[in-house]
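Reader: I have a new structure to look through. Can you take some questions about it?
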Amino acid sequence: MTESVMPTYGRLDITFAKGEGAWLTDTRGERYLDALSGIAVCNLGHCHPAVTRAISEQASTLIHTSNMYHIEKQQLLADKLTQVSGMEQVFFCNSGAEANEAAIKIARKYGHSKGIDKPV
């Protein structure tokens, strides 16, 4: 393989070219059951028609807008999430790192509101 990719994972000598449902096909035409769901990010399977259609429709309209602006569908989702969760607000972010940082800050703010200056 290539030397330009850092060897941070113990990669197997397989290159997948296509996915359909729970199945992956490599560049040699061999099929594999994706028992990991693409490391849990493809829980509806690969190339699910409804997901593919939704992504295509959204990409033809608008791919991304910063959270610095109002986003109509994000507001609709926030309304639904607060309704079903019983929470007052939701926080949307762009990465796991940002989510973890926010969780720490929210926990610290809550602790401060309870008179806790430093966590034990």
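Reader: To start, is D26 buried or exposed?
Author: D26 is buried, with a relative accessible area of 4%. Keep in mind that this is a predicted model.

Reader: What salt bridge does D26 form?
Author: D26 forms a salt bridge with R28, and the closest N and O atoms are 3.2 Å apart. R28 counts as exposed, at 56% relative accessibility.

Reader: How many salt bridges does the structure hold?
Author: Two. Besides the R28 and D26 pair, K105 forms one with E101, with the closest N and O atoms 2.9 Å apart.

Reader: Where do K105 and E101 lie?
Author: Both are in helix α4, residues 96–113. They are four residues apart, about one turn of the helix.

Reader: And are those two buried or exposed?
Author: K105 is exposed, with a relative accessible area of 52%. E101 is partly exposed, at 43%.

Reader: Back to D26. Which strand is it in, and on which face?
Author: D26 is in strand β2, residues 23–26, on the covered face together with L24. W23 and T25 are on the uncovered face.

Reader: Why do the residues split like that?
Author: In a regular strand the side chains alternate between the two faces of the sheet.

Reader: What does β2 pair with?
Author: It pairs with β1, residues 16–20, in the antiparallel sense over four bridges. Three bridges also join β2 to strand β3, residues 31–33, and those two run antiparallel as well.

Reader: Which residues stand opposite each other?
Author: From β1, F16 stands opposite D26 in β2. On the β3 side, the bridge partner of T25 is R31.

Reader: What links the strands?
Author: β1 and β2 form a hairpin with two residues between them, and G21 in that turn has a positive phi of about 65°. β2 and β3 form a hairpin with four residues between them, where G29 in the turn has a positive phi of about 90°.

Reader: New topic. Where is H46?
Author: H46 is in the loop between α1 (37–40) and α2 (49–59).

Reader: Buried or exposed?
Author: H46 is buried, with a relative accessible area of 15%.

Reader: What does H46 touch?
Author: Leaving aside residues up to four places away in sequence, H46 touches G19, E20, G21, W23, L24 and D34. Among these, W23 and L24 belong to strand β2, and G21 is in the turn of the hairpin that β1 and β2 form.

Reader: How many disulfides are there?
Author: Zero. C42 is in no disulfide, and the nearest cysteine sulfur, that of C47, is 8.8 Å away. A disulfide needs the two sulfur atoms within 2.5 Å.

Reader: What about C93?
Author: C93 is in no disulfide either, and the nearest cysteine sulfur, that of C42, is 20 Å away.

Reader: How exposed are C42 and C93?
Author: C42 counts as partly exposed at 22% relative accessibility. C93 also counts as partly exposed, at 27%.

Reader: Last one. Which residues make the nonpolar surface patch?
Author: L77, L81, V84 and V90 make it, and the patch is about 310 Å². One of them, L81, lies in helix α3, residues 72–85. At 34% relative accessibility, L81 counts as partly exposed.

How values were computed:
Residues numbered from 1 in each chain as written. Predicted model: local features only at pLDDT ≥ 70, side-chain atom pairs only at ≥ 80, totals over all residues. Heavy atoms only, no water. Buried < 20%, exposed > 50% of the residue type's maximum accessible area, 1.4 Å probe, protein only. Salt bridge = Lys/Arg side-chain N within 4 Å of Asp/Glu carboxyl O. Patch = residues over 30% accessible without salt bridge, like charges linked within 9 Å, V, L, I, M, F, W, Y side chains within 5 Å. Areas by Shrake-Rupley, 256 points an atom, 1.4 Å probe, with all protein chains shown as cover. Contact = heavy atoms within 4.5 Å. Pairing = 2+ DSSP bridges.
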